[in-house]
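User: I would like to go through the reasoning behind some of the labels used for this protein. Please set each value against its cut-off before drawing a conclusion.

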Amino acid sequence: MKRGHGAIKAPPSSVEILDHRHNSKIEIKENQEFHLECRVRNAKPAAKIIWYRGNVEINIQLRKHNNLKKCVSIRKVYYPDYQKCFIVASREDQTIEIPGKTGDKRVTRYDTHSRISLKPTAEDDFASYTCEARHEALVSSIPMRATVQLSVLYPPGLPYIEGYTEGETIKRGQTVELVCRSRGGNPPAQLIWYKNGEQIRMAYRTAGRVSENVYTFTADASDNKARYKCEASNIMSKNVLKAELDMTVLFAPAHVSISGPTEARVGDPVPLTCSTANSNPPAEIRWMIEGRPVQNATSRTVVSPEGGWITSSNITAVVKTDKRSVVVICHGVNAQLTENVVSTHTINVLYPPSQPFIQGYEEGLHITAGTVKKISCSSAGGNPLATLTWYKNDKKIHSTTKTNNDIVSAEITILTNVTDNEAQYRCEAANSATEIPMFKTITMNPPETVRIRQEPAELKPNEEATLICDSSSSNPPATLTWWREGIPVQGYQNYSKQGLHGGTVSTIELKVNVSEEMNGIQYACQAQNEALQRSAHDSINKPVFDKSNEEFVTGIENEPLIITLKADGNPESLAYTWTRDGLPITQSSSANGAERIVSDGPVLNITRLTRHDAGAYNCEALNSQGNPASILQTSETVIVNPKEDATLSCSADGNPMADDTITWKRDDFPDFDARTSIMYDKNGTSHLRITQVTREDLGMFQCIANNGIGNATTKNVMLIVKHKPEIDAGPTLLKFASDAGDTGKLICRSQASPLARFTWSRNGSPISANTSGKYYSAYHQVS
């Protein structure tokens, strides 16, 4: 009996694509050759390997053909569903016998290898390649497979633009959406928008292998003739791909403007120019003067660098006599867009004001020194209304201006003093219609004043005091006499000196032995000028505030408060000035009714108190006695560079104070008047300006304060002009000798500004003087 033996069949144990996990993705550049190798292990008999692209089997004929560039190549895969050919360069298969350990043929197994070579194209992007093991021991419904997917890198397609067609016209203010798209490409294309070569947007989005960049904007003038460009590229691009278009935008001018004079006299021709902002198409200009259109006005159009065109037109308007103003209108019309922009220009017709007239002083009127005088200047009419300016001896002075309908008035307040001697006060009225201001001048009569000083300032019993009486500057000199309680007494010394305004200041002194019985006795000084038939007198008592005046006053918020500070003096004519924190308080004579706080002589009137009114208020009373000018402070040493301008300052106080109370002097400065200028502040400060200083200008400048009362005071201000140290290299300073053991003395002398500092060294090494006991140094300022 025989036993039959059947063939042993064993299915493969595994299938794999070498070096790639199942369902992994392989990134490869387009047309770059690469290989896929499949291995099926441990089958008996040997398994077959089938390759698939997607779900379609790859059939490769084994015959060779030299032409691999055409789809009719022998080595090809044809897909009728896609109507395309996919080139497979070659396939190599190999079967390897794996013997058993005992050499028994029954346990022999076989490994099958298959290797295909590919040159993928863009069509292979996302394509999957599958290796399938076929064996008779396998169930056909459960295939044994290994799969990989290709990611083929290739350049994007040409970009294209949607949303605007070149040649299409849009209007300014219209919303425009430009869409740039590019299909294909791995990775998807990067899309960037440019306007006239400048990048404007690079944010884009992708969906699959399609990229999109949407640029949305509101069209304006700058978009007219603008070139918009979209560029597409990725890492596989050899050249940047682009799509371009030129845009046309219609827009009316944003505005029109009229240039030309805003004022003119009657009968004057007034040239006017109207210009539009840029527009497309060019705008038309139409003129109207006083509501009437202007015919035959010429215009011209130029290209605007910002796009579009600019239109301009010129006309000449003539001012008529019956008008105070002329209204000119310019229209910028763009008929294609039915838009109209307008500009208005007003020409004021100029008329001169009336001749000014002065009130408050009559020519030839004698005024006592220390009198407060209010003088007003008025002018009526004019277009525009007149500007009034007061001058004293050609120097502008402060005035308070008021307007009532078409009348303008300017008021000055004068506390007369010696500077008003023959002073000319001039009021000028001017406006745009006057080439030469109209003016009115008055001349003040010279006041005669005297002032008494005493030495010492505080009188004590059993001491001798000197009473000194100074007259104001006068011509001819005044005659001075002393009076005690109305009885003339003999002065012991009488002398004179040169005064202001070309006059002479007379002085008389009186010695008095002070006793307690003299308390309250009044000594008076009288000045008499026989040529002018006038006299003046003064006593030694200045204005003094009553000691009963309160120093601290309390009020209730929202209630009125009146404060009175009465002063006495001789002469009795007093001028009061109220201030708070250094700022003057409005006097009732110049108030307009809106002020809460006003002053009236010694009275301060607060109509309704607020908590913010708390503080220190100062009341000053003055009469003609005055004070001699004294220097309060000067600028510190002034240091400047050569060729710069230097400014020195000097502040003084006194009563009276005039622009020429403070003067400057330097004897060794030959070009003083040519190279200096003086500016005087109202706060009593004089500034001396020296132009283009040089080293030779170093030195002292003298400030002199003199108001004609008492002696002048002076103070020096140092000017230093910087220059580098210059060492004196004279023969006597270059060599020194000394015997051994004796003390040697070396001298180093230099000129510098500011002063130089000295250091000594020996053979290049610094010497520590005044520390070692061997070297001593001393510094002396020579000049």
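Analyst: A residue is called buried if its relative accessible area is under 20%, exposed if it is over 50%, and partly exposed in between. The model is a predicted one, and within it Cys377 is buried, as is Cys427.

User: What makes Cys377 and Cys427 a disulfide, and why is it called left-handed?

Analyst: Two cysteine sulfur atoms within 2.5 Å count as a disulfide, and the sulfur atoms of Cys377 and Cys427 are 1.9 Å apart, so the pair qualifies. The torsion about their S-S bond is about -80°, and therefore the disulfide is left-handed. The link joins distant parts of the chain, with Cys377 in strand 31 (residues 372-380) and Cys427 in strand 36 (residues 424-430), 50 residues apart.

User: How do you know that Cys180 and Cys230 are bonded, and what is the handedness of their disulfide?

Analyst: The sulfur atoms of Cys180 and Cys230 lie 1.9 Å apart, and because the cut-off is 2.5 Å, the pair counts as a disulfide. Its S-S torsion of about -80° makes this disulfide left-handed. Here too distant parts of the chain are linked, since Cys180 belongs to strand 13 (residues 175-183) and Cys230 to strand 18 (residues 227-233), 50 residues apart.

User: Why are Cys180 and Cys230 called buried?

Analyst: Buried requires a relative accessible area under 20%. Cys180 has 0% relative accessibility, so it counts as buried, and Cys230, at 0%, therefore counts as buried as well.

User: What makes Cys650 and Cys703 a disulfide?

Analyst: The sulfur atoms of Cys650 and Cys703 are 2.0 Å apart, which again satisfies the limit of 2.5 Å. The link is left-handed, with -75° about the S-S bond. Cys650 sits in strand 56 (residues 646-655) and Cys703 in strand 60 (residues 699-705), 53 residues apart, and both cysteines are buried.

User: How many disulfides are there in the whole structure, and what is the pairing of the bonded cysteines in sequence order?

Analyst: A search of the whole structure gives 6 disulfides. With the bonded cysteines numbered in sequence order, the pairing is 1-2, 3-4, 5-6, 7-8, 9-10, 11-12.

User: Why is Cys619 called buried, while Cys748 is called partly exposed?

Analyst: Cys619 has a relative accessible area of 9%, which is under 20%, so it is buried. Cys748 has 33%, which falls between 20% and 50%, and therefore it is partly exposed.

User: Where does Cys748 lie with respect to the second largest pocket, and what lines that pocket?

Analyst: Cys748 is among the residues nearest the centre of this pocket, together with Arg749, Phe758, Ala778 and His780, and the lining has 36 residues. By class these are 19 nonpolar, 12 polar and 5 charged. The space in the second largest pocket is about 1500 Å³. Strand 61 (713-721), strand 63 (750-753) and strand 64 (761-762) each give at least two residues to the lining, and strand 63 has the largest share, with 4 residues.

User: Why do strand 30 and strand 34 count as edges of their sheet?

Analyst: The open sheet has 4 strands in the order 30-31-35-34, with antiparallel pairing. Strand 30 (357-359) and strand 34 (400-404) each have a single partner strand, so one side of each is left without a neighbour in the sheet. From one strand to the next the twist averages 25°.

User: How do you know that strand 34 and strand 35 pair?

Analyst: Pairing needs at least two bridges, and strand 34 and strand 35 (residues 407-415) share 5 bridges in the antiparallel sense, so the criterion is met. Thr400 stands opposite Glu411 in strand 35.

Notes:
Residues numbered from 1 in each chain as written. Predicted model: local features only at pLDDT ≥ 70, side-chain atom pairs only at ≥ 80, totals over all residues. Heavy atoms only, no water. 1 Å grid on protein atoms, 1.4 Å probe; cavity = no way out; pocket = protein on both sides within 12 Å on 5 of 7 lines; lining within 4 Å. Points joined across faces, edges and corners; volume = space filled by probe spheres on them. Nonpolar A, V, L, I, M, F, W, Y, C, P; charged D, E, K, R; others polar. Axes fitted to C-alpha atoms, helices over the stretch in contact; angles between N-to-C directions. Buried < 20%, exposed > 50% of the residue type's maximum accessible area, 1.4 Å probe, protein only.
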